[in-house]
Amino acid sequence: MSALAAGSPVRAFGFTAVGQRDHNEDALLVNQDIGLMVVADGVGGHQAGEVASELTCQVLAREIAEGSSLPEAIKVANRDVFDAVAQSLGREGMASTVVAVHFKGTAWELAWVGDSRAYLWDGQLGLLSRDHSLVEGLVQSGQISLEEARYHPKKNVIDQAVGLQGEDNLRVGSNAGVLQPGQVLLLCSDGLNDVLDSAQIAEILASEGTLEEHSQQLVSAAVAAGGRDNTTVILLDVDANATAGAGVREPSFVWRYDPESNSYAGHPKLKAWANVPPVAAEVADGTLMRKLPEFDRSVSPTQRIVETLAGRPYLLLGLGVLGLVLLSWLGFML
């Protein structure tokens, strides 16, 4: 899918593939007339996930056309998908992740819910969105590395999705920036980044080819690498002669990957107790329930005590004061 509105400096190309599934629950929208691009990944199985993702795209297009901001539009979509079940559209439990960008000239507003992602390519690959997922929490707390997150058995457990929870519990992520000549904005469902790592994505974006060719190459590479899930990609850039935006803040990044050094900047470092087994999780009534991990028997009691005290300086200070009091008392008794 591609579109280019008259007078718009933004070019956009989208591509989707079913992968090894028997149907496609992903939906994408490229509407240059209102400057809106959306990737939605449906949850809920046949005759449900695709309803939720398609409805999400429709609601966002309607709300943006009426002047809503992206976060406001996503909140409306959450309510509409939630209510659709009562109207016999889809079925109980259907929901959708979403990542969407809205352009005004070359300035963009980004919003997302769930684990569909947005990246910025400018010679480095920068992650613009933070997954609403169990595994992202483990990465941020330093319990597992980015590489371990890709193979974690609970990597697809999300705690936010459009239609999954009531409006009061909905968390919409947001970001903003200006797309400059030479930069590429990438929106994708998790079918892409579950299979291709940062180096593979960067290699395709850095290669010779058009934006349309790169969008197809990314999806094809994920499928060829054994990706079972639906995979959807939208790529966006601006004309080389587009006027660079001014006065708009730089976007924030979760991390940035440098293909030359094969290294990341900005992501949390592993903590000393990172070999504690990952927490288990289960989803009940739309709420992610976390269980405490079992103790790691490979860590000695002495090491565990040292690590605990090192992370609690006030406790360590208190024990020191108590020790001095005891020594004074013993000296007095002797």
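This is a short tour of the structure above, one selection at a time.

**Before you start**

You're looking at a predicted model, where local features need pLDDT of at least 70, side-chain atom pairs count only at pLDDT 80 or more, and totals for chains, interfaces and linings use all residues. Residues are numbered from 1 along each chain as its sequence is written, and side-chain values use heavy atoms, with hydrogens and water left out.

**The whole protein**

Start with everything shown as a cartoon. The protein has 9 helices and 15 strands; helices (H or I, at least four residues) and strands (E, at least two) are DSSP runs, numbered from the N terminus. Of its 334 residues, 45% are buried. Here buried means under 20% relative accessible area, exposed means over 50%, and partly exposed is in between (1.4 Å probe, protein chains only). Take the contacts (heavy atoms within 4.5 Å) between residues at least 6 apart in sequence: 69% of them join residues at least 24 apart.

**Stop 1: strand β4**

Select residues 36-43, which make up strand β4. How many of the 8 residues in this strand are buried? The count is 7, so β4 is largely enclosed by the rest of the structure.

Now add residues 26-31, strand β3, which pairs with β4 in the antiparallel sense over 6 bridges. (Two strands pair if DSSP finds at least two bridges between them.) To see one of these bridges, pick Asp26, whose partner in β4 is Asp41. β3 and β4 form a hairpin with 4 residues between them. In that turn, click on Gly35: its phi is positive, about 70°.

Next, add residues 95-104, strand β5, which pairs with β4 over 8 bridges, again in the antiparallel sense. Val39 makes a handy marker here, standing opposite Val99 in β5.

**Stop 2: helices α1 and α2**

Select 49-65 for helix α1 and 70-84 for helix α2. Two packed helices are described by the angle between their axes and the distance between the axes. For α1 and α2, the angle is about 140° and the axes are 9 Å apart. (Axes are lines fitted to C-alpha atoms, for helices over the stretch in contact, and angles run from 0 to 180 degrees between N-to-C directions.) That makes α1 oblique to α2; angles under 35 degrees count as roughly parallel, over 145 as roughly antiparallel, 65 to 115 as roughly perpendicular, and the rest as oblique.

Show the side chains where the two helices meet. On the α1 side you'll find residues including Leu55, Val59 and Leu60, and on the α2 side residues including Ile74, Ala77 and Val81.

Asp80 and Arg62 sit here too, their side chains meeting in a salt bridge (3.2 Å, N to O). The term covers a side-chain nitrogen of Lys or Arg within 4 Å of a carboxyl oxygen of Asp or Glu. Asp80 is in α2 and Arg62 in α1, 18 residues apart. Are these two buried or partly exposed? Asp80 is partly exposed at 23% relative accessibility, and Arg62 is partly exposed at 37%.

Move on to Val85, in the loop between α2 and β5. Val85 is partly exposed, with a relative accessible area of 23%. Leaving aside neighbours within four places in sequence, Val85 is in contact with Arg91, Glu92 and Met94. Try a C-alpha to C-alpha distance to Ala52: the two are 9.7 Å apart in space and 33 residues apart in sequence.

**Stop 3: two more salt bridges**

The structure holds 9 salt bridges. Pick Asp229 and Arg21, whose side chains form one of them at 3.6 Å, N to O. Asp229 lies in the loop between α7 and β11 and Arg21 in the loop between β2 and β3, so the pair ties together parts that are 208 residues apart in sequence. Arg21 is partly exposed, at 42% relative accessibility.

Then select Arg256 and Asp122, which meet at 3.1 Å, N to O, in another salt bridge. Arg256 is in strand β12 and Asp122 in the loop between β7 and β8, 134 residues apart. Asp122 is partly exposed, with a relative accessible area of 33%.

**Stop 4: helices α6 and α7**

Finish with α6 (residues 198-206), whose axis comes within 9 Å of that of α7 and crosses at roughly 150°. That makes α6 roughly antiparallel to α7. Show Ile201, Ile204 and Leu205 in α6, which meet His214, Gln217, Leu218 and Ala221 in α7.
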